[in-house]
Amino acid sequence: MNIIVWLVVGGIIGWLASIIMRTDAQQGIFLNIIVGIVGAFIGGLVFSGGSINSSGLTLYSFLVSLLGAVVLLAIVNLFRRGSVR
């Protein structure tokens, strides 16, 4: 059941992060899921233990995961284009 929650919530988080960073047209659902899950991991590292990967699904863990996904997309944009949009 945890894997299904990761996939669904990770997809939603990745999709919202891609809308915030204006990269929505460049990536599909698979990359949205990857960005959401990896972003949740990054957010959990920055805000010790508050992501969807380590704790239950709360508003705080959702926001931490979303912030981690936005940071991940900013880093990817920095290396891809040379500047953050």
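These exercises work through helices, core and surface of a predicted model.

**Exercise 1. Check the length of helix H1 against its residue count.**

Step 1. H1 runs over residues 2-20, which gives 19 residues.
Step 2. The expected span takes 1.5 Å times one less than the number of residues. For H1 that comes to 27 Å.
Step 3. The end C-alpha atoms of H1 are 26 Å apart. The two values agree.
Step 4. Look just past the helix. H1 is followed by Arg22, whose phi is positive, near 60 degrees.

**Exercise 2. List the buried residues of H1 and find what covers them.**

Step 1. Buried requires under 20% relative accessible area. In H1, Val9, Gly10, Gly11, Ile13, Gly14, Ala17 and Ser18 are buried.
Step 2. Consider the spacing. An α-helix has 3.6 residues a turn, so residues three or four places apart point the same way.
Step 3. Now look for the cover. It includes helix H2 (29-46) and helix H3 (59-81).

**Exercise 3. Is Asn32 buried or exposed, and what does Asn32 touch?**

Step 1. Place the residue: Asn32 lies in helix H2.
Step 2. Its relative accessibility is 7%. The limit for buried is under 20%, so Asn32 counts as buried.
Step 3. Leave out residues up to four places away in sequence. Asn32 then touches Gly10, Gly11, Gly14, Trp15, Ser18 and Gln27.
Step 4. Compare with the buried residues of H1. Gly10, Gly11, Gly14 and Ser18 are among them.

**Exercise 4. Which residues make up the largest nonpolar core, and which elements give two or more of them?**

Step 1. The core has 11 residues: Val9, Ile13, Ala17, Met21, Val35, Leu66, Ala69, Val70, Leu72, Leu73 and Ala74.
Step 2. H1 and H3 are the elements that give two or more residues to this core.
Step 3. H3 provides the largest share, 6 residues.
Step 4. Take Leu66 as a sample. Not counting residues up to four places away in sequence, Leu66 touches Ile13, Leu16, Ala17 and Ile20.

**Exercise 5. Describe the nonpolar patch on the surface and place Tyr60.**

Step 1. The patch consists of Phe41, Leu45, Val46, Phe47, Tyr60, Leu67, Val71, Ile75, Leu78 and Phe79. Together they have about 1000 Å² of accessible area.
Step 2. At least two patch residues come from each of H2 and H3. The largest share, 6 residues, belongs to H3.
Step 3. Tyr60 is found in helix H3. Its relative accessible area is 51%. Exposed means over 50%, so Tyr60 is exposed.

Methods:
Residues are numbered from 1 along each chain as its sequence is written. This is a predicted model: local features need pLDDT of at least 70, side-chain atom pairs count only at pLDDT 80 or more; totals for chains, interfaces and linings use all residues. Side-chain values use heavy atoms; hydrogens and water are left out. Helices (H or I, at least four residues) and strands (E, at least two) are DSSP runs, numbered from the N terminus. Buried means under 20% relative accessible area, exposed over 50%, partly exposed in between (1.4 Å probe, protein chains only). Contact means heavy atoms within 4.5 Å. A nonpolar core is a set of buried Ala, Val, Leu, Ile, Met, Phe, Trp, Tyr and Cys residues joined through side-chain atoms within 4.5 Å. Patches are made of residues with over 30% relative accessible area and no salt bridge: like charges are joined within 9 Å, nonpolar side chains (Val, Leu, Ile, Met, Phe, Trp, Tyr) within 5 Å. Accessible areas come from the Shrake-Rupley method with a 1.4 Å probe; for residues, only the protein chains shown count as cover. A salt bridge is a side-chain nitrogen of Lys or Arg within 4 Å of a carboxyl oxygen of Asp or Glu.
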